[in-house]
Amino acid sequence: MISLKADHRTSTGISREVVLKDGSKVLLAPDSALSLQFSDGKRGVTLLKGEAYFDVTRDVNRPFVVSADGLDVEVLGTSFDVRIGDEDSEVALVKGAIAAITPGDKHLLSPGEVLSYDHRSGKITQKSVDLADIGAWREGRLFVVDQTVASVAEQIQRYHSAWISIPDGVLAERRVTGIYDLSSPDEALGALVDPHGGKVRKVSDLVRILSRY
């Protein structure tokens, strides 16, 4: 149970800043959770769920490591965003330098670069984006590049009080690139599926179904 492992967690639609013992700051996205592993020789954080933006205090004697479901991020002092989902884990660098470690490999990122690790295939994807789009959720915007509809819906779910389901497997696997307004989750869902002929069906206040029919 995540609730038993987490040192800090947030609920749907609520983000929260956490200041760590070394002065590093973590902005935890809605419906997210993390646990801490700090000692004299180690600064460790495990992102258990969701997304977080890190502003890490530099300490050359104690590297800061974030573990995110198969993806480890090692830094000395820098700012970056980490997200985990059902399909993949992703890290995006704003400033400084980081090493993204995946099973069997190590990748160095420069500011503006995003690395994704696919949980199912083990595939690594690395791309460049505008710095202003990294961690855009902090300003109420969700920016995605070449992600599946299912993955984006999972991220919008953190801001939506209703349960979101995509029984249409073809629609769920369609890929999208875009910017979505997190302050209006239903409108964001509509913008997500409309280009693929999809509809957002409000079954009740507690359920949304995304389908092409």
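These are my notes on a pocket and two backbone oddities in this structure.

**Entry 1: the model.** I'm working from a predicted model.

**Entry 2: the largest pocket.** I looked up its volume and got about 270 Å³. Then I asked which residues, of the 16 that line the largest pocket, are the closest to its centre. They are Asp88, Asp118, Thr125, Asp146 and Arg175.

**Entry 3: where the lining comes from.** I went through the strands next. At least two lining residues each come from S9 (88-95), S12 (113-118), S13 (124-128) and S14 (141-148). Which strand gives the most? That's S14, with four residues.

**Entry 4: what kind of lining.** I sorted the lining residues of the largest pocket by type: nine are charged, six are polar and one is nonpolar.

**Entry 5: Asp146.** I came back to Asp146, having met this residue among those closest to the pocket centre. Asp146 sits in strand S14, and its phi is positive, about 50°, although it isn't a glycine. Buried, partly exposed or exposed? Its relative accessible area is 43%, so I put Asp146 down as partly exposed, between the 20% and 50% cut-offs.

**Entry 6: Asp31.** I found another positive phi at Asp31, also about 50° and again not a glycine. Where does Asp31 lie? I traced it to the loop between strand S3 (25-28) and strand S4 (33-39). I then checked its relative accessibility, which is 18%. Buried means under 20%, so Asp31 counts as buried.

**Entry 7: side by side.** My last jotting sets the two aspartates together: Asp31 is in a loop and buried, while Asp146 is in a strand and partly exposed.

Methods
Residues numbered from 1 in each chain as written. Predicted model: local features only at pLDDT ≥ 70, side-chain atom pairs only at ≥ 80, totals over all residues. Heavy atoms only, no water. 1 Å grid on protein atoms, 1.4 Å probe; cavity = no way out; pocket = protein on both sides within 12 Å on 5 of 7 lines; lining within 4 Å. Points joined across faces, edges and corners; volume = space filled by probe spheres on them. Nonpolar A, V, L, I, M, F, W, Y, C, P; charged D, E, K, R; others polar. Buried < 20%, exposed > 50% of the residue type's maximum accessible area, 1.4 Å probe, protein only.
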